[in-house]
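Colleague: Could you walk me through this model? I would like to go from one helix to the whole assembly.

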Number of protein chains: 2
Amino acid sequence: MEGIEYVKPGEIEARSFAIIEEELKEHGLVIPEEQKPVTKRVIHTTADFDYVKTMVYAPDAIETAKKLILQGADIVTDTNMALAGINKRALARHGGEVHCFMADEKVAALAKERGVTRATVSMEFAAQLNKPVIFAVGNAPTALIRLYEMITGGEFRPAFIIGVPVGFVNVEAAKELILKTDVPYIINRGRKGGSNVAAAICNALLYELGR
Amino acid sequence: MEGIEYVKPGEIEARSFAIIEEELKEHGLVIPEEQKPVTKRVIHTTADFDYVKTMVYAPDAIETAKKLILQGADIVTDTNMALAGINKRALARHGGEVHCFMADEKVAALAKERGVTRATVSMEFAAQLNKPVIFAVGNAPTALIRLYEMITGGEFRPAFIIGVPVGFVNVEAAKELILKTDVPYIINRGRKGGSNVAAAICNALLYELGR
């Protein structure tokens, strides 16, 4: 068939990553070695090399996140799409679980009552989990804003924040708020991100610990 | 809080779409009126205006897809993330259902046996549904390749194809194959796309028929 090259199913991903590596070199784009598995998986998920320029990592972010996973941390996300996309079996191997409270009826009722987003209330539910939590926010800037309030108010401290909401209203500013805290992070500055990006980052970290 | 503007939860989406409309104008980007709800929702989901230049629609694509939904067509997708993202309640209102066969154990076993991807086998399962099917392919070019083979071989005719896989291996060529058929389509040419984009297109079509 025209333009179609046969690649064995088990080799498609490796081939994709090799192409990404080649093109990074061609365009003179440099990613620090330890960040490569994560940033490259985001490019793999989006076919968008812009992420090389906008993804920012706290010092030792990858090591910190991997340690948390090994210690059994849970992941909380703000969309059911990211919940579907994160490799739950890989996380469970280390004792962690993925949660998304967005479809919880109590969350919806409270959000309506208070005139806030469901994402805001979801973060408060997550703060009650009573174990280390990695937040993977792919959609709602209001989730990051509520986390920022809880951190600066001394109410709750997330173990780690993956902050990659996408969009046009408060998205950029919400990411900058998280960067002012001392919570370790992986953030994509600017408007881009998404539940697919949040899931890709979680999976990249998990796959660093073995498939 | 710095840079954060208060927007009522129920107004965030409308505000986002207004910003997208403004920036389209600023950049002199023109979208045909009937395609606007779909292309703009894709931009809303990705914060990526590149889609304006790469999304292509069959003549009357939107009308055709809406009619199919009204007639109770099912949607088949190639990822569990798109399955999670498509508004199943909105589709059910018209009698349709969303399917994803990727996690089916029989699909995995057959794919392994034949040395093909699970997406390939998934499309064959979908072809047995015995009702009009809108395909929403957000991940696997091999899904589009199998659909092309079935169409040209006279084995099966999808009612509609949303072809937006993302990636680096055979993605562009697989989309071009579908463009050669006479099946109505919405396709994003090039490498970009994803399960989030597939879900956004389905939801844009559903929301055109009422929330």
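Colleague: Which residues are buried in α8(A)?

Modeller: This is a predicted model, where local features need pLDDT of at least 70, side-chain atom pairs count only at pLDDT 80 or more, and totals for chains, interfaces and linings use all residues. Residues are numbered from 1 along each chain as its sequence is written, chains are lettered from A and ligands numbered from 1 in the order in which they are written, and side-chain values use heavy atoms, with hydrogens and water left out. Helix α8 of chain A spans residues 118-126 and is mostly covered, with 7 of its 9 residues buried (under 20% relative accessible area; exposed is over 50%, partly exposed in between; 1.4 Å probe, protein chains only; helices are DSSP runs of H or I, at least four residues, and strands of E, at least two, numbered from the N terminus). The buried ones are A:Ala119, A:Thr120, A:Val121, A:Ser122, A:Met123, A:Glu124 and A:Ala126.

Colleague: Which elements do the buried residues of α8(A) pack against?

Modeller: Contact here means heavy atoms within 4.5 Å. By that rule, the partners in chain A are β2 (74-77), α7 (105-114), β4 (133-137) and α9 (141-152).

Colleague: Why is A:Cys202 not bonded to A:Cys100?

Modeller: A disulfide is a pair of cysteine sulfur atoms within 2.5 Å, and the structure holds 0 of them over all chains. A:Cys100 is in no disulfide, and its nearest cysteine sulfur belongs to A:Cys202. Both are buried, A:Cys100 with a relative accessible area of 16% and A:Cys202 with 1%. The two sulfurs are too far apart for a bond because the distance is 12 Å.

Colleague: What radius of gyration does chain A have?

Modeller: The radius is taken over C-alpha atoms, and the globule rule is 2.2 Å times the number of residues to the power 0.38. For 211 residues, a compact globule would come out near 17 Å, and chain A agrees. Of these residues, 61% count as buried. The radius of gyration of chain A is 17 Å.

Colleague: What kind of axis relates chain B to chain A?

Modeller: Copies are superposed by least squares on the C-alpha atoms of residues with pLDDT of at least 70 in both. A rotation of 180° with 0.0 Å of shift along its axis places chain B on chain A, at an RMSD of 0.0 Å. That is the relation of a two-fold axis.

Colleague: Which residue of chain B comes closest to the rotation axis?

Modeller: The copies meet through the same surface, since 100% of the interface residues of chain B are also interface residues in chain A. At 2.4 Å (C-alpha), the residue of chain B closest to the axis is B:Met81.
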